[in-house]
Amino acid sequence: MAEIQLRLQVPGSPDRLIPVETDSVTIGRASDCELPLSPYGVSRHHARISRADRASPWMVEDLQSKNGTRLNQTPLQQPTPIAHGDRIYIENVCITVLLAGVGTTNAVANPTITRSRQSPQGPKAVYSQRVQVPLNPEALPPTVSVVRPNLVKLPLIDATADGKMRISRDASDLKEQWLRTSEGSGDSLYERDRTIARLRDLVEIAKGLTSAASSNAIFSQVQEVVFRYLTNIERLALLVDVEGNGQLQLLNAAARETERARDLTLNSGWISQSICQKVFKEKIALQTADAQADERFGAEQSILYKGIRSAMAVPLWNEDKVVGVLYADANLSSESWVQEGEDDLSFFSALANLVAASVQRWLLTRKLQEEERLCQKLERYHSPAVVQQMIAAGTHEDGRIPTTDGELSILFADIVGFTALSERLSPAEVADLLNRFFEEMLQEVFALGGTLDKFIGDCIMAFFGAPEPQPDHADRAVIAARRMLERLDDLNKRNVLGEHLQLRIAINSGRAVVGDVGSSQRMDYTVLGGAVNLAARMEAICPVGQCIISANTYDLVSRKMNWVQMGEFRFKGIERPVPIFQDGHRAQELELVKLLTEPS
């Protein structure tokens, strides 16, 4: 028995009891964590539960996470000993510590946290499922039983006078079917031995599936057992609702004869979509020994055209969700399946029950990896807080951010005299200077909820008002501009950058389109429109060290007292003259500094 167990409580999910059989458990959203958590706000490596050796106490520590870790509602400041019943809070997740020999629990056992000893590259965190085989079939663990609550009940049709066998069963009715020994049969010893062998294989599959990291790894284990025990099966397929939209996709397929398996995954035409959809939508385990004559499918052209005679399909069911279908067929008459059809169907359903948990875990891992890639992409443009809001709100689609139009404020900030500076410095020195300069300036943009569009040479292009709507986008842009100028003044005063730099900043507000734009090979999150073009052209007339705004932005800012009109200017591509305003207070300060520093 594990010396420590963790009861994991996630809102909206059933409690899980996780035995720990290693001296260190890292908790976070990274894929290398022994206990991965997906809620937003959880850092990649958030916290660790560990002990130095078996004689040492268990400790919990926060790994410098962004949002912190609490022990019994007290924020962790340093590694702290934990006791039985202590509660560790990470965002909205509660982890209760249960030490061996202290109290009992009724929670259902879950995957054990262990470490693989087979990796030549050192310990690697994996999940391993421990399933104990009870003598009483009623005590079967959830991963072995095929209980299907709330399924649609359809009548069982036994072998009929025409020799056709049709089975359509609620999967819960199949619960111990293949475990029972045929009473009164002369082959009862054989049946019992076969049942034990099948159960032993299911246990081994359960262990293997917990560490399967891909759909191929999952399917390879299923394929071996199916072709070993279900001797009538000729072809096997795994179909999964990958996108969660109710559309099944063929992930893997195999044939008993290797030469027939080559094109099975390339062309799913051999699979009856009618049978698969019925199983998937009605949540039933289904077998037909002569699909072409089965009244449930009527005159389905797919059945007739594909020459399907015998087919079997069961739902991949995990808790309250069907994630896919395990499908098999054979070009057989009904006679071959009349005697063992229901027995095979129940075993097939038990196997699918194990596969369902692994497929759902694979889907979750896939989703988390996609979100991780999207986060890395979004963090190029947004502050971490904005990225979390976007992910939580689901404002992305297939890894892309859809284009929308709205009122925005666009900011251009350009270094004065950068061309001359580039000629004086080496390319490496220029790159280093820009990197440090951009790092400093973007802190002010992100602090006001702004979005980085791109770097254009030495110029920063940013905007406010998207992806999250900001009614005060003009005020945010103006405040960010002032802080950028003030921050640069301080950097110059302390000679942090090694060069005395000056900025010109221009801001314009108006309607624009924002979103992912580009091709499948290259995609950029950007803003487009006439408002962007005007802001870019305004930057050229901005006085050194100052910020100017257009009349559109002036009308939107809440405090207008410091802004004075420079005049009306004409810009290429714009017919009417545009009133331009500058920060009068900033202009006075710069003039005063100039008078004080110039020699008399």
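What share of the 600 residues of this chain counts as buried? The figure is 48%. Keep in mind that this is a predicted model.

Some totals to begin with. The chain holds twelve helices and 27 strands. Take the contacts between residues at least 6 apart in sequence: 59% of them join residues at least 24 apart. The exposed surface comes to about 29800 Å², and 48% of that is supplied by carbon and sulfur atoms.

Now the nonpolar cores. The largest has 40 residues. Within this core, the residues with the most contacts are Phe437, Ile460, Leu503, Ile505 and Ile507. Several elements supply at least two residues each, among them strand E20 (404-415), strand E22 (459-464), strand E23 (503-518) and helix H8. Helix H9 gives the most, with nine residues. Apart from this core lies another, of 37 residues, including Leu209, Val222, Val240 and Ala328.

Back to Ile460. Beyond its neighbours within four places in sequence, Ile460 is in contact with residues that include Leu411, Phe412, Phe437, Met441, Leu452 and Met484.

Phe437, Met441 and Met484 also appear where H8 and H9 meet. How do these two helices pack? H8 covers residues 427-447 and H9 covers residues 473-493; the angle between them is about 145°, and their axes are 8 Å apart. The crossing is right-handed. On the H8 side the contact is made by Phe437, Glu440, Met441, Gln443, Glu444 and Val445, and on the H9 side by Ala480, Arg483, Met484, Arg487, Leu488 and Leu491. By class, the residues of this contact are seven nonpolar, one polar and four charged.

Key
Residues are numbered from 1 along each chain as its sequence is written. This is a predicted model: local features need pLDDT of at least 70, side-chain atom pairs count only at pLDDT 80 or more; totals for chains, interfaces and linings use all residues. Side-chain values use heavy atoms; hydrogens and water are left out. Helices (H or I, at least four residues) and strands (E, at least two) are DSSP runs, numbered from the N terminus. Buried means under 20% relative accessible area, exposed over 50%, partly exposed in between (1.4 Å probe, protein chains only). Contact means heavy atoms within 4.5 Å. Accessible areas come from the Shrake-Rupley method with a 1.4 Å probe; for residues, only the protein chains shown count as cover. Axes are lines fitted to C-alpha atoms, for helices over the stretch in contact, and angles run from 0 to 180 degrees between N-to-C directions. A crossing is left-handed if the near helix is turned anticlockwise from the far one by less than a right angle, and right-handed if clockwise. Ala, Val, Leu, Ile, Met, Phe, Trp, Tyr, Cys and Pro count as nonpolar, Asp, Glu, Lys and Arg as charged, and the others, Gly among them, as polar. A nonpolar core is a set of buried Ala, Val, Leu, Ile, Met, Phe, Trp, Tyr and Cys residues joined through side-chain atoms within 4.5 Å.
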